[in-house]
Amino acid sequence: MKKSGGILLFILVLAIVGPWLSPHEYQDTNFGEIFNAPSFAGMHFFGTDDLGRDLFVRTMLGIRITLLVAVVASVVSLLIGVTYGAVAGYVGGRVDAVMMRFVDTLYALPFIFFVILLMVAFERNFLLIFIAIGAINWLDMARIVRGQTLSLREREFVDAARLTGVSTARIIFRHIAPNLLGIVVVYVTLTIPQAILVESFLSFLGLGIQEPQTSLGSLVDGGVNQMEGAAWMLLIPAALLALILMCCNFLGDALRDFFDARKAP
Amino acid sequence: MSLLEVNDLTVRYGDSAVVDSVSFVVNRGESVGIVGESGSGKSQTALSILGLLPGNATVTGSIRFDGQELADKTDQQLDAIRAMSIGIVFQDPMQALNPYLRVGQQLRQILLQHELANGAEADEKVKKMLGRVGLPDPERQFHAFPHELSGGMRQRVMIASAIICEPDLLIADEPTTALDVTVQAQILDLLEELRDDTALLLITHDLGIVAGRCERLLVFDGGRLVESGATTSIFSSPENAHTEKLLAAALRTDRGEIRAAANGKTVLGVDNASVSYRDKSKERLVAVTDVSLSLREAETLAIVGESGSGKSSLVRGLLGLIPMRAGRVVYAGESLEGPVQFRSAAQRRDLQLIFQDPASALNPQMRVQTIVGEPLLVHEAAMSADARKESVASILNKVGLDESYLRRFPHQLSGGQAQRVAIARALILEPRILICDEAVAALDGSVREQVLELLNDVQRDTGLSIIFISHDLAVVRSVSHRVAVMYLGQLVEVAETASLFSRPRHPYTRALIDASPIPDPRVAPASAPLKGEVPSLLTPPTGCVFHPRCVFAQEDCSKKQPGLRRFGGSRVSCHRADELEL
């Protein structure tokens, strides 16, 4: 946990501070220096791309945006999903049935269609991508949380709280939600990589991050096209993406063990 | 040569020894009881004999079975010995049986695996064995899945699988703990009957079970064997202080304590209460039918009955945790309506419940301080955080826990401590009525005594009324003023404790009393007083619900419902209550 957390933190700090250490700007093109291999001489640590832009700075920018998209999308899905699922599961009965049928209906909407609709209806911006990704992920989260809540609801400490007269809101947020933590943490560590992948997919279709802004996903896409001549364009962002995903997974595992340890006798 | 010789056995997990230099022998054909509280190392000892301890356990010492050293054996050799010579019956047969295999298949596999029989011969043998362990209609049960059987029947299947290879040693680890008293008596009888010349190692926390059934006893405490000897001599003159403590807890009926007399004022009345559920196929299942009871001030009213008798459904209904289909609950002159969240704060505050399993009744993510303080947060919203903390500390103190427990999480508490925390939470609002739903069933003997003592003190000091649900008649006898006996959702007898035990008027009451084990080796255990098991609530018997299992049943009993009638101070629901001498 310490190692993967440390690596993630290091990457994050680098992504924030890195661009200042470089003399180059992420959007500056330089046609005299296209496809430069990584070197310290020209201060192009990660080389340059087909337009001569410095890849180090672009990669750092990509990490920022990728992590931002992932974290914000996960937080959005966490907040909506946990609240929605816990309420549906705890209240039960007709409310549950109506709420979950709504989820089923949203499931039935094709995701791409939904995103394209959003993009057409509103101006294309960052926020919208977060919302689109979060809006997809919370459906899974709501289902998982609802299932857990159904079984937690039968536990006797919930009955004890009801007998005392604890309000329904407090039961859901103070009694049920903390006990969902283990499974929610695991699921969030799965949504972060998923959100990263969805984001790069959208960028590839031209629906996501727009040039000259970039993300790890679009960098990898760009790299794929040039991988015969300039392998670094693919390898460096792909390796960083893999490293981030792995760290997220390990961190999630460790966090789950940490929360479980409390329950173990 | 002894059948089993255990010498200097030590089981360690890391640095802590859970079994510490234990030595004992079991002779051929002998029945030996291992008794001790939870955590005393009795199950670990049994598992080490079987070689079933988890991989992180280190076992030292020697275990010789039939002259062979088991510690040196490879897993494969152990498998052969386990299967052929040692049988095991676990506590929970649902865990021990494979839910995806039919009962017959599971038993058949044992025979095939060890090449004791094959094909049709194996089927035949399995069916015979199912018949021997008392499964009605072995032909049909052969094809049943474990979940289609009742707990008692499953335990019979487990016993069948343990003895089908005709072992020399049968180890039974708390074989009846998960079962009702009446079924417990049947299973113990069965073990005794099938044993013949097989040696039996019976592991239990209940001295009543071993008293009349085991020749010798081994008493465990904290991983050590503290006393061993003939059962009779251990009961009559225990040498070890811990054995004395266990015995004292088991013989609690002799406490001879004078209990505060209940005064006459009724605080809670239940009129014609009925509770029903719908099962998955939407069929109505009536758990409680037309029950009327009253609870007086400072009185302890016990509700007893086998599982499925509706005792928990009744109190959950009256508390408003589940809806009641019919009937009325009157508290302090007011009718308690609807689910608990619609009742007034005062009503909620005055009725509190203590659950059976403290581990499940305390939120694992909250500290003791928050758990116990929460009722104050709800009902005394104006109270400052400091004042709240103070009153939490003082109530914890009252239940025997000091301030160091405030910051703990439930998993850092023992079963007894957790139950105290649950009691503290129930008592912090100073309720008028406390409902204990099997509140001491999960606790060890000595801890149970302390908890009962605590409830008794509170009742004496504050005039608390208690509804005490239990299946353990010995406990009921020592704590309650009146007893209500329930069977299949109906009240069959209500009487003062003393008169209920000295002169039960309903055959079911008599059977329950006879079924509870007597912790006295001089009394030969009576054979199981009730045959069969509780019928399904979906298809309750006609007439008197008890008639299919009643030895006194007459023709009329299956046709007419008896209804409760008065006999002196008791109310009894039996056609023959006036003529039977029970």
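B:Ala298 sits in the loop of chain B that joins β12 (284-296) to β13 (300-304). In this predicted model, the phi of B:Ala298 is near 60 degrees, a positive value in a residue other than glycine. A positive phi is also found at B:Asn272, near 45 degrees. The points below cover these two residues and then the side of chain B that touches chain A.

**Backbone at positive phi**

- Most residues other than glycine have a negative phi.
- B:Ala298 has 20 C-beta neighbours inside 10 Å, and the threshold for a buried residue is 20 or more, so B:Ala298 counts as buried.
- B:Asn272 belongs to a strand, β11 (residues 266-278) of chain B.
- B:Asn272 has 12 other C-beta atoms within 10 Å; because 12 or fewer is the criterion for exposed, B:Asn272 is exposed.

**Contact between chains A and B**

- The contact involves 23 residues of chain B and 17 residues of chain A.
- On the side of chain B that touches chain A, two or more residues come from each of α13 (345-350), β16 (351-354), α14 (358-361) and α15 (368-379) of chain B.
- α15(B) provides the largest share of that side, 4 residues.
- By class, the side of chain B that touches chain A comprises 12 nonpolar, 7 polar and 4 charged residues.

How values were computed
Residues are numbered from 1 along each chain as its sequence is written. Chains are lettered from A and ligands numbered from 1 in the order in which they are written. This is a predicted model: local features need pLDDT of at least 70, side-chain atom pairs count only at pLDDT 80 or more; totals for chains, interfaces and linings use all residues. Two residues are in contact if their C-beta atoms, placed from the backbone, lie within 7 Å. Ala, Val, Leu, Ile, Met, Phe, Trp, Tyr, Cys and Pro count as nonpolar, Asp, Glu, Lys and Arg as charged, and the others, Gly among them, as polar.
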